[in-house]
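Reader: I would like to go through this structure with you, asking at each step what justifies the words that are used. Could we begin once the sequence and the structure are in view?

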Amino acid sequence: MTEFRDSSDDRAEAAMPRRTAARTARLASLPLGIAGRAVGGWGRRLTGQSAEEVNAALSAKAAEQLFEVLGTLKGGAMKFGQALSVFEAAVPDELAAPYRDALTRLQAAAPPMSTKQTHRVLAEQLGRSWKQRFSSFTDEPAAAASIGQVHRAVWHDGREVAVKVQYPGADEALRSDLRQLQRFSRLFQALVPGTDVKPLLAELAARMDEELDYRTEADNQRGFAKAFAGDDQVLVPRVVASAPKVVVTEWVNGTPFAEIIRTGTQAQRNEAGRLLAEFHYSSPARAQLLHSDPHPGNFMLLDDGRICVIDFGAVAHLPEGAPPALGLMMRYALDGRSAELLDVLRTEGFVRPDSEVEAEDVYSYLLPLVAPLTEERFHFTRRWAQKQALRMGDLRSEDFRTGRSLNLPPHWLLIHRVTAGAIGILCQLDAELALRSIVERWQPGFAS
């Protein structure tokens, strides 16, 4: 017998605030609130409170406001928050806890849209008889994403499925949010030291049309599922049905990486990290694709030992696989071949044309970043991530001056962000793994 839950709740009809003026005002409150708290903090220091006490209080309040605004607005605001959450491992310990809690919540939480609204979208996308496609459909969402929410259901053939439904107005909200966030990019920079927020936002804006069309996401997921079909380490759920604003995939049960980060054993952390690195570095060779939304909410560890990967809205197409120049840069930095390293960087456009930079300075700047490849097993820790962020962000250091002479070419932006995001997750996991052997196997240019 077909069974449906169809609650007639009285929740607000609009799950995603759509009026541009209202969304702009809420986003504008973030930098204004941060600035206002900073002024108040200076006053409290004058009354005798220590800098550490004041900074901790300001950080906690800023993080709570960040989650409240970005999380409830969803759209580009939540997408930006999810992207930032990966890099919280680089935030100094005395400031990290409130940001960690607030940004991690962004990975899986947002107010749901009403049942009536959800059913309306399903009818528009799957037809007025959409209910006949399911044996059962749970109205209460099981999870939330930046531009949609996920419901658990049973397909008409008995398969358990995940149904992702896009929020009405997501396209308008996404474009509006990213325009507004770009205006405040320099103020947001302080949230995550060592992360360049402006190009991150630009890249999110450039790829938003792909993410808004769930048919593109479904095609991406089909490509990954085909490449990893029958794999003993990676599971990509198969696509069951898709439409521009609805995608139905197989349901998978597992332990989310966010939970492993919070409570996992060291063995779980190490294995989760190894599987993530294997998936990241092997995907360009095996699928000619790169999963480009690296945050813990998109990965699970299964009971059978595999990693499950979900959410393929952001994917880089690499028909030639990973660029060999990346492997060459790693190898030259590892071997101390500074002149050859600089030549590759110049050829790929990493050095500004008007910059005069010494090969040894560039080598010294990049060498710490290949430290995970210098050992048979490397322990990715928050302390290591913080050290790199502080080193590159210290205005007084030689590394900072060298970094200003370098450039991130547009065609490298996505690969750079995704790799940095994956490393950020490894540091959150506190994982120890043999990264070098994985890179040697999968990254063109490195072994040669």
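Author: Let us begin with burial: a residue counts as buried under 20% relative accessible area, as exposed over 50%, and as partly exposed in between, with a 1.4 Å probe and protein chains only. This is a predicted model, in which local features need pLDDT of at least 70 and side-chain atom pairs count only at pLDDT 80 or more, while totals for chains, interfaces and linings use all residues. Residues are numbered from 1 along each chain as its sequence is written, and side-chain values use heavy atoms, with hydrogens and water left out.

Reader: What makes Arg-391 buried?

Author: Arg-391 has a relative accessible area of 16%, and therefore counts as buried, since the cut-off for that word is under 20%. Asp-399, at 15% relative accessibility, is buried as well. The side chains of Arg-391 and Asp-399 meet in a salt bridge, at 2.9 Å from N to O. For the chain as a whole, 54% of the 448 residues count as buried.

Reader: Why is the pairing of Arg-391 and Asp-399 called a salt bridge?

Author: The term asks for a side-chain nitrogen of Lys or Arg within 4 Å of a carboxyl oxygen of Asp or Glu. Arg-391 and Asp-399 are set 2.9 Å apart, N to O, so the pair satisfies the limit of 4 Å. In general, side chains of opposite charge can pair when their charged atoms come close. By this rule the count comes to 19 salt bridges.

Reader: How do you know that Glu-250 and Arg-159 link distant parts of the chain?

Author: Their side chains meet in a salt bridge with an N to O distance of 4.0 Å. Glu-250 belongs to strand S8 (residues 246–250), whereas Arg-159 lies in the loop between strand S4 (148–155) and strand S5 (160–166), and the two are 91 residues apart. Helices (H or I, at least four residues) and strands (E, at least two) are DSSP runs, numbered from the N terminus. Glu-250 has a relative accessible area of 18% and is buried, whereas Arg-159, with 32%, is partly exposed. Both residues also belong to a network of salt bridges that links Asp-157, Arg-159, Arg-238 and Glu-250.

Reader: What separates Arg-274 and Glu-271 in helix H12?

Author: Arg-274 and Glu-271 are three residues apart in helix H12, so they are separated by about one helical turn. Their side chains meet in a salt bridge of 2.8 Å, N to O. Arg-274, at 27% relative accessibility, counts as partly exposed, and Glu-271, at 29%, counts as partly exposed too.

Reader: Why is H12 called roughly antiparallel to H18?

Author: Helix H12 (residues 266–287) and helix H18 (residues 410–429) pack at an angle of about 170°, with their axes 9 Å apart. Angles under 35 degrees count as roughly parallel, over 145 as roughly antiparallel, 65 to 115 as roughly perpendicular and the rest as oblique, and H12 is therefore roughly antiparallel to H18. The axes are lines fitted to C-alpha atoms, for helices over the stretch in contact, and the angles run from 0 to 180 degrees between N-to-C directions. The residues in this contact include Leu-276 and Tyr-281 of H12 and Ile-425 and Leu-426 of H18, where contact means heavy atoms within 4.5 Å.

Reader: What makes H14 roughly perpendicular to H15?

Author: Helix H14 (residues 338–348) and helix H15 (residues 359–366) pack at an angle of about 85°, with their axes 8 Å apart. The range for the term is 65 to 115 degrees, so H14 is roughly perpendicular to H15. Among the residues that meet here are Leu-341, Leu-342 and Leu-345 in H14 and Val-362 and Tyr-363 in H15.

Reader: How do you know that H10 is roughly perpendicular to H12?

Author: The axes of helix H10 (residues 214–227) and H12 come within 10 Å and cross at roughly 95°, and H10 is therefore roughly perpendicular to H12. Gly-223, Phe-224 and Ala-227 of H10 make the contact with Phe-279, Ser-283, Arg-286 and Ala-287 of H12.
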